[in-house]
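The following explanation is intended for a reader who meets this structure for the first time. Please keep the model in view while reading.

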Amino acid sequence: MTTPETLPPPFRATAPETDPDPAPGLLAALAPLLAAESDAEAPAAGVEPGDLEQAVWLRLLEQLQETGAAPERPAEWLRRAVRAEARRARRTSDRERPYRDEPAHDPGGSGPGGSPEHSLLEAEGRRTLRAAVTRTPGRCPRVLTAMLDPEDPTYREIAGELGISQGSLGPMRSRCLGCLRRMLAAEVPAPGRRGRVR
């Protein structure tokens, strides 16, 4: 958000004290009013209040640069400017439509509309899991690989494939998952403490 302190040099209070330029004092006086008006108009316009404030600051700076003088009634001018920018934002959002043939972007999705970062993290998680499965002891690699099969076999099918009874598959699965969980917990670093160390 642009504030009087972050304005470009021509509008900061850097001129000598004898300079009658009213811009710095005007901008400082209008800041609270602009914030209040933007907060009131932004929800109906579908924009952030900070974006609305910035647009109005730019309009005011343009006017000061073009005319060299502040508006005659600054508070009234500012209210009209906020409403005009809110109308412009509404018109823009009314005209913008997503493509019909393109799915809406879902940053968390793993499909074509998902973000590349999310897809990469998912693939890395699958690789880490499968690598850990191969390091589990005894029959666990075969049991867990069968459980991770995308075909989603039933307990009966898995027991038949492994040559064990269906009743012993549940306890074996629990032991193998516990072993895998301990292995993965040891590989994932604990979150570091934040803040200063005392």
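The paragraphs below treat helix packing and salt bridges in turn.

The model is a predicted one. A suitable starting point is the pair formed by helix H2, which covers residues 49-67, and helix H3, which covers residues 74-95. The axes of these two helices come within 9 Å and cross at roughly 125°. An angle from 65 to 115 degrees would count as roughly perpendicular and one over 145 as roughly antiparallel; H2 is therefore oblique to H3. The crossing of H2 and H3 is right-handed.

On the H2 side, the residues that meet H3 are Leu52, Ala55, Val56, Arg59, Leu60 and Gln63. Their counterparts in H3 are Trp77, Ala81, Val82, Ala84, Glu85 and Ala86. Sorted by class, this contact of H2 with H3 comprises nine nonpolar residues, one polar residue and two charged residues.

Arginine 59 allows a closer view of this contact. This residue belongs to helix H2, and its relative accessibility is 28%. Buried residues lie under 20% and exposed ones over 50%, so arginine 59 counts as partly exposed. When neighbours within four places in sequence are left aside, arginine 59 is in contact with Trp77, Ala81, Ala84 and Glu85. Arginine 59 and glutamate 85 are 26 residues apart in sequence, while their C-alpha atoms are 9.4 Å apart in space.

Glutamate 85 leads on to the salt bridges, of which the structure holds nine. One of them joins glutamate 85 to arginine 88, with 3.4 Å between the closest N and O atoms. Because these two residues are three residues apart in helix H3, about one helical turn separates them. The partners can also be described by their accessibility. Glutamate 85 has a relative accessibility of 8% and therefore counts as buried, whereas arginine 88, with a relative accessible area of 44%, is partly exposed.

A salt bridge with a similar topic of interest, the spacing of its partners, is found in helix H4. There, the side chains of glutamate 124 and arginine 127 meet at 2.7 Å, N to O. Both residues lie in helix H4, three residues apart, which corresponds to about one turn of the helix. Glutamate 124 has a relative accessible area of 39% and is therefore partly exposed. Arginine 127, at 48% relative accessibility, also counts as partly exposed.

Which parts of the chain does the salt bridge between glutamate 37 and arginine 83 link? The closest N and O atoms of this pair are 3.7 Å apart. Glutamate 37 lies in helix H1 and arginine 83 in helix H3, so the bridge links distant parts of the chain, 46 residues apart. Helix H1 itself covers residues 23-45. Glutamate 37 has a relative accessibility of 13% and is therefore buried, while arginine 83, at 34%, counts as partly exposed. With residues up to four places away in sequence not counted, glutamate 37 touches Leu78, Arg79, Val82 and Arg83. A network of salt bridges links Glu37, Glu41, Arg79 and Arg83.

Helix packing may now be followed further along the chain. Helix H4, residues 116-134, packs with helix H7, residues 166-187, at an angle of about 125°. Their axes are 10 Å apart. H4 and H7 are therefore oblique to each other, and their crossing is right-handed. Thr128, Leu129, Ala132 and Val133 in H4 meet Leu180, Met183, Leu184 and Glu187 in H7. By class, six residues of this contact are nonpolar, one is polar and one is charged.

H7 also packs with helix H6, residues 155-162. The angle here is about 95°, and the axes are 9 Å apart. H6 is therefore roughly perpendicular to H7. From H6, the contact involves Tyr155, Arg156, Ile158, Ala159 and Leu162. From H7, it involves Gln166, Leu169, Gly170 and Arg173. These residues divide into five nonpolar, two polar and two charged.

Notes:
Residues numbered from 1 in each chain as written. Predicted model: local features only at pLDDT ≥ 70, side-chain atom pairs only at ≥ 80, totals over all residues. Heavy atoms only, no water. Axes fitted to C-alpha atoms, helices over the stretch in contact; angles between N-to-C directions. Helix = DSSP H or I, 4+ residues; strand = E, 2+ residues; numbered from the N terminus. Parallel < 35°, antiparallel > 145°, perpendicular 65-115°, else oblique. Left-handed = near helix turned anticlockwise from the far one by under 90°. Contact = heavy atoms within 4.5 Å. Nonpolar A, V, L, I, M, F, W, Y, C, P; charged D, E, K, R; others polar. Buried < 20%, exposed > 50% of the residue type's maximum accessible area, 1.4 Å probe, protein only. Salt bridge = Lys/Arg side-chain N within 4 Å of Asp/Glu carboxyl O.
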